[in-house]
Amino acid sequence: MSASSDEHAGPDAPELDSPSDGDLDIDEAVSRVEHELGRLFARIRVSWREAAQTVHPDLQPLGYQVLTSIATGKATSAGAIIERLQTDKTAVSRQVRQLEQLGLVESVRDPDDRRARVLVATELAQERVTAARSRYEARLAERLGRWSQADLDRFAEMLSELGGGASDRADGKTPAS
């Protein structure tokens, strides 16, 4: 009967198949980050719902995201909104239709391409989005106001890295390359 290799290794030798303490620490840290991201995302969803209600009682959170994309000029066509929000065409079409019905968005001819149409936020929408954003920004400023500029810059960099910002660059290069 032969002895296993574990018996020959002695009581102080690390087990070959078990994770090291460092791996467990990393796993626990990743688990904590995942938990905190879940809490943050839940809070963000609540904020979007509150902001949507500020703009109009019938507006859904996705409608608010569509509206802010239009109002800030970051996405003024359905295709650009779909790309920006990473959602499907049907959902965006439904939200745009509702925004038009609520008098918050208008479809106008694109001044650069008279054949195309772009979406623009109405004056009413701009006012209400400004009010909703000011509440949200005040809460965020209150939470982050105690952080140093260096901490805020590093946090923004880390969020960008987590979101794939460095790997999503158009040139395909990360900042270090």
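Throughout this tour, a residue is called buried when its relative accessible area is under 20%, exposed when it is over 50%, and partly exposed in between, using a 1.4 Å probe and protein chains only. The model is predicted, so local features need pLDDT of at least 70 and side-chain atom pairs count only at pLDDT 80 or more, while totals for chains, interfaces and linings use all residues. Residues are numbered from 1 along each chain as its sequence is written, and side-chain values use heavy atoms, with hydrogens and water left out.

Begin with the whole protein, which has seven helices and two strands, where helices (H or I, at least four residues) and strands (E, at least two) are DSSP runs numbered from the N terminus. Read along the sequence, the elements follow the pattern α-α-α-α-α-β-β-α-α, and buried residues make up 19% of the 177 residues.

Next, select Asp 25, which is placed in helix H2 (residues 21-55) and counts as partly exposed because its relative accessibility is 48%. Add Asp 23, Asp 27 and Glu 28 to the selection, and together with Asp 25 you have a negative surface patch. Patches are made of residues with over 30% relative accessible area and no salt bridge, like charges being joined within 9 Å and nonpolar side chains (Val, Leu, Ile, Met, Phe, Trp, Tyr) within 5 Å; a salt bridge is a side-chain nitrogen of Lys or Arg within 4 Å of a carboxyl oxygen of Asp or Glu. Asp and Glu count as negative, and the place of a charge is taken as CG of Asp or CD of Glu.

Now move to helix H3 (residues 61-71), which is largely enclosed by the rest of the structure because nine of its 11 residues are buried. Among them is Val 66, at 0% relative accessibility, and its C-alpha atom is separated by 9.4 Å from that of Thr 76, 10 residues apart along the chain. Thr 68 of H3 is also buried, with a relative accessible area of 14%, and a polar atom of its side chain lies 3.1 Å from the backbone oxygen of Gln 65. After H3 comes Gly 73, whose phi is positive, near 75 degrees.

Finish at Phe 155 in helix H7 (residues 149-162), which is partly exposed with a relative accessible area of 32%. Select Trp 147, Leu 159 and Leu 162 along with Phe 155 to show a nonpolar patch on the surface, with about 380 Å² of accessible area together; accessible areas come from the Shrake-Rupley method with a 1.4 Å probe, and for residues only the protein chains shown count as cover.

Methods
Polar contact = N/O pair within 3.5 Å; in protein donor to acceptor, adjacent residues only side chain to side chain.
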